[in-house]
Amino acid sequence: MATRGSRSEKVKRIFQQFDTNRDGGLNRDEMAALVVAVNPRVKFSDEQINAILDEVFRTYGEFIDGEKGLTYDGLLRTYDDGAGDVDRDFDALGLELNFDENKGASIVSEASSSSIADERVIESQKKQRTAAWAVSPHHGIVFDDTWKLVDDLEILLKRLKAKQAKDAKFRNDNFDAYSDAGWSRELGASAELSEKRVYWEESGPDYALFVKELGALRSRADGARSREEAFDGHMAIGRVLYEHQLFKEALTCFKRSCELQPMDVRPHFRAGNCLYVLGKSKEAKEEFLLALESAEAGGNQWGYLLPQIYVNLGIALEGEGMVLSACEYYREAAILCPTHYRALKLLGSALFGVGEYRAAVKALEEAIFMKPDYADAHCDLASALHGMGEDERAIEVFQKAIDLKPGHVDALYNLGGLYMDLGRFQRASEMYTRVLAVWPNHWRAQLNKAVSLLGAGETEEAKKALKEALKMTNRVELHDAIYHLKQLQKKKVKTNGGTNGEAAFVIMDPSKFKTVGEKTTLRQDLGNALQIRGFQRLTRLNRCEVDLLKKEMNETDVPVSYSGSGGPQKSIRKPNLEEVLRKLLNFLKPETFQGAVKAINEKILSVLDETGSGRVDLGMFYAVLAPLCSGPPDKRKRIAFDALLWRPVNEGGSHIRKVDAVQYIKLLRAIFIPSHGASEMLEVHGETDTSMVSFNEFLNMFNDPDWGFGILSTLLKLETGDRNRHERHVCSVCRYPIIGS
């Protein structure tokens, strides 16, 4: 990371390069030339250039010097706010620094960017040994006494670090190997947390003494002459603690700052950052929403901060599993700041997370276009390409991510999974071995390595890998798998020998299999029912009481809107629908909920929102979910009917339009039995029918095995069978224990 001195010098060189008329300002033409020059790979249209310049000149209006344009301080401020990457731009322009000549200037620029009145040399030295944020004109230290607090705090921290290092309690963990969350941890790109995560030992007497002395510093801040000075003190103490990764203590300071100046955006933003790092996504989201409210109420004053608030709010929502909602905020950030490659990367990753692969690829490619060395964006782009079936291209992009960051665990692990899908087991096991070299206790990588070795025919090595995985995680499935491997080796089954180039196969006695008859389910129907059951278990809808749907319908007030076809609808946007799902599936952990939303988005919402408007008919959505929720089958059908009654076209009566019942059955079959096309049903039933349908008539349509959703009876049998997890059933062919369906 560049020091404040070298950063300001680099900005000065960039400024001088483009201030062609030497009037001390960058006018619109000069700024346009700068934007184009530092983004050589981007082909801007005139409209895009004008939009970027309008945004810069509006946001940094206080730094615009009449006709001259943006001053040097204004350009420096844009970089401090994270609008660009100084080092990248400096290198892109092929400029060089001469440190000897610029040494004096460096100190001057540091001093000039401070807002403390007394510019003595000793103050400059103070600023030089403090982080870059402290001398920023808008986020730095304003009062002299605050500097004294910061100095005393630095001494306390050095003392604590020395004591903990002596007792070997202080440890660093290198997070360089994992995908970066990409979030705006600070108000400027220059002040990001280091890649190393620091853990402090909080239980010993030395830490207790530190907390006590810190309390005295906080009291000094509270005893300041004015509310503004107290705010300045608490913010500065919080910033220093945050930089040293003492997040709990920093949070206390930022919370106190919020009390002192409730409408200031910065303490809410920083408190949100602390809460997120401490794993409290919900509370972090609340703080970011307060920051957003303050920023929007404050007009242009906080305009430059909005993109970063949007980004961090999105990340906090992802922490709660609310990925569709997060996408909205990432989009807002990218619209406000088109060069914010992190916002685009996060948007792409979130879209990938909900199964919208094409949109994800587009956003990730844009992020990489702006930052070609962005390893995490390459990793997620490759995953999205794999999701679309473009496997060869995905392998190339994964490889690029690994070239950029050789120990990138996510890229290595996901590439291993891709090789497994392609049946290239030897290459897969190599990838998992590389993951384990970086992260030795990654049990999933160890388990997948065992599976890939089995696929490659290396049974002994696979058994060793399975045992290693078992040491890492004591999961029952691993016990089953190891036991099964042992049984296979003890009892070698007779085969046909695999002559004439055929693979070896096992010959079974026909009496082991049930004969097809009236009591057996058709193979196609059973296959569909198993798929529906798999979806039900993946989304955990089988644990959602069907009565909850009725409760939601009664309690949710959805305004009526008019669709393109002109009919009234209670339709809502996907992020709002995600909030409804969160209430229905409130027992799920965030990552499990995210998986459920992805499955529902891919299977149900893609059909309900065929036009891609981003809006869904809520009544129809409830009706589609009802048969899959838990509860007696009659109640499920009743609530599906009630959901159709709840729609504006049927509201108030006891009958629904036949055309709505037909459309519902058609949708159910299109979603869950896609092998049967909906076109035949349309031909038979037509859509011009104006007659109404009672509940009993609806039941007859629903239960029809050929035209309705009669498959529900088979699904109910599978649900019952799934509860028999320990019935000692084994496969007749390979003797593997059978669980559930």
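Accessible areas here come from the Shrake-Rupley method with a 1.4 Å probe. With that in hand, welcome to a short tour of a predicted model.

**Figure 1. The whole protein, with its 34 helices and 10 strands.** Let us start with the full chain before moving in. The accessible surface of this predicted model comes to about 36200 Å², and carbon and sulfur atoms account for 52% of that area. Of the 741 residues in the protein, 48% are buried. Contacts between residues at least 6 apart in sequence also tell us about the fold: 64% of them join residues at least 24 apart.

**Figure 2. The stretch that UniProt annotates as an EF-hand domain, residues 6–41.** This label comes from an unreviewed UniProt entry. In the model, the span is 67% helix and 0% strand. From one end to the other, its C-alpha atoms are 26 Å apart.

**Figure 3. Spans that carry the UniProt repeat label "TPR".** The unreviewed entry places this annotation on residues 231–264, 341–374, 375–408 and 409–442. Two of these spans are described here. Residues 341–374 are 79% helix and 0% strand, and the C-alpha atoms at the ends of that span lie 9 Å apart. Residues 409–442 are likewise 79% helix and 0% strand, with end C-alpha atoms 10 Å apart.

**Figure 4. Helix H14, residues 306–319, and its surroundings.** Count along this helix and you will find 14 residues, which at 1.5 Å a residue should span 20 Å. The end C-alpha atoms are 20 Å apart, so the model agrees with that expectation. Because 12 of the 14 residues are buried, H14 is largely enclosed by the rest of the structure. Among the buried residues are Leu306, Pro307, Tyr310, Asn312 and Leu317. The partners that the buried residues of H14 pack against are helices H12 (265–277), H13 (281–297), H15 (323–336) and H16 (341–353). Look just past the end of H14 for Gly321, which takes a positive phi of about 90°.

**Figure 5. A salt bridge between Glu202 and Lys248.** The model has 37 salt bridges by the rule used here, and this view shows one of them. The side chains of Glu202 and Lys248 meet at 3.3 Å, N to O. Glu202 sits in the loop between strand E4 (196–199) and helix H9 (205–222), while Lys248 belongs to helix H11 (residues 247–260), so the pair ties together parts that are 46 residues apart in sequence. Glu202 is partly exposed, at 40% relative accessible area.

**Figure 6. Glu392 and Arg424, another salt-bridged pair.** Here the N to O distance is 3.8 Å. Because Glu392 lies in helix H19 (residues 391–404) and Arg424 in the loop between helix H20 (409–421) and helix H21 (425–438), the bridge ties together parts that are 32 residues apart in sequence. Glu392 is exposed, with a relative accessible area of 51%, whereas Arg424 is partly exposed at 34%.

**Figure 7. Lys550 and Asp642 joined by a salt bridge.** Their side chains meet at 3.2 Å, N to O. The pair links distant parts of the chain, with Lys550 in helix H26 (residues 546–555) and Asp642 in helix H30, 92 residues apart. Asp642 is buried, with a relative accessible area of 11%, but Lys550 is partly exposed at 31%. Elsewhere, salt bridges that share partners join Asp145, Lys148, Arg225 and Glu229 into one network.

**Figure 8. Trp646 in helix H30, residues 633–646.** Is this tryptophan buried or exposed? Trp646 has a relative accessible area of 10%, below the 20% limit, so it counts as buried. A polar atom of its side chain lies 3.1 Å from the backbone oxygen of Met553. Tyr622 is 24 residues from Trp646 in sequence, and their C-alpha atoms are 9.8 Å apart in space.

**Figure 9. Arg647, in the loop between H30 and strand E9 (656–657).** With a relative accessibility of 8%, Arg647 counts as buried. Which residues is Arg647 in contact with, leaving aside its neighbours within four places in sequence? They are Asp617, Gly619, Met620, Asp660 and Gln663.

Key. Residues are numbered from 1 along each chain as its sequence is written. This is a predicted model: local features need pLDDT of at least 70, side-chain atom pairs count only at pLDDT 80 or more; totals for chains, interfaces and linings use all residues. Side-chain values use heavy atoms; hydrogens and water are left out. UniProt positions are given in the numbering used here, feature names are shortened, and annotations may be inferred rather than shown by experiment. Helices (H or I, at least four residues) and strands (E, at least two) are DSSP runs, numbered from the N terminus. Buried means under 20% relative accessible area, exposed over 50%, partly exposed in between (1.4 Å probe, protein chains only). A polar contact is a pair of N or O atoms within 3.5 Å; within protein, one must be able to donate a hydrogen and the other to accept it, and residues adjacent in sequence count only if both atoms are side-chain atoms. Contact means heavy atoms within 4.5 Å. A salt bridge is a side-chain nitrogen of Lys or Arg within 4 Å of a carboxyl oxygen of Asp or Glu. The expected span of a helix is 1.5 Å times one less than its number of residues.
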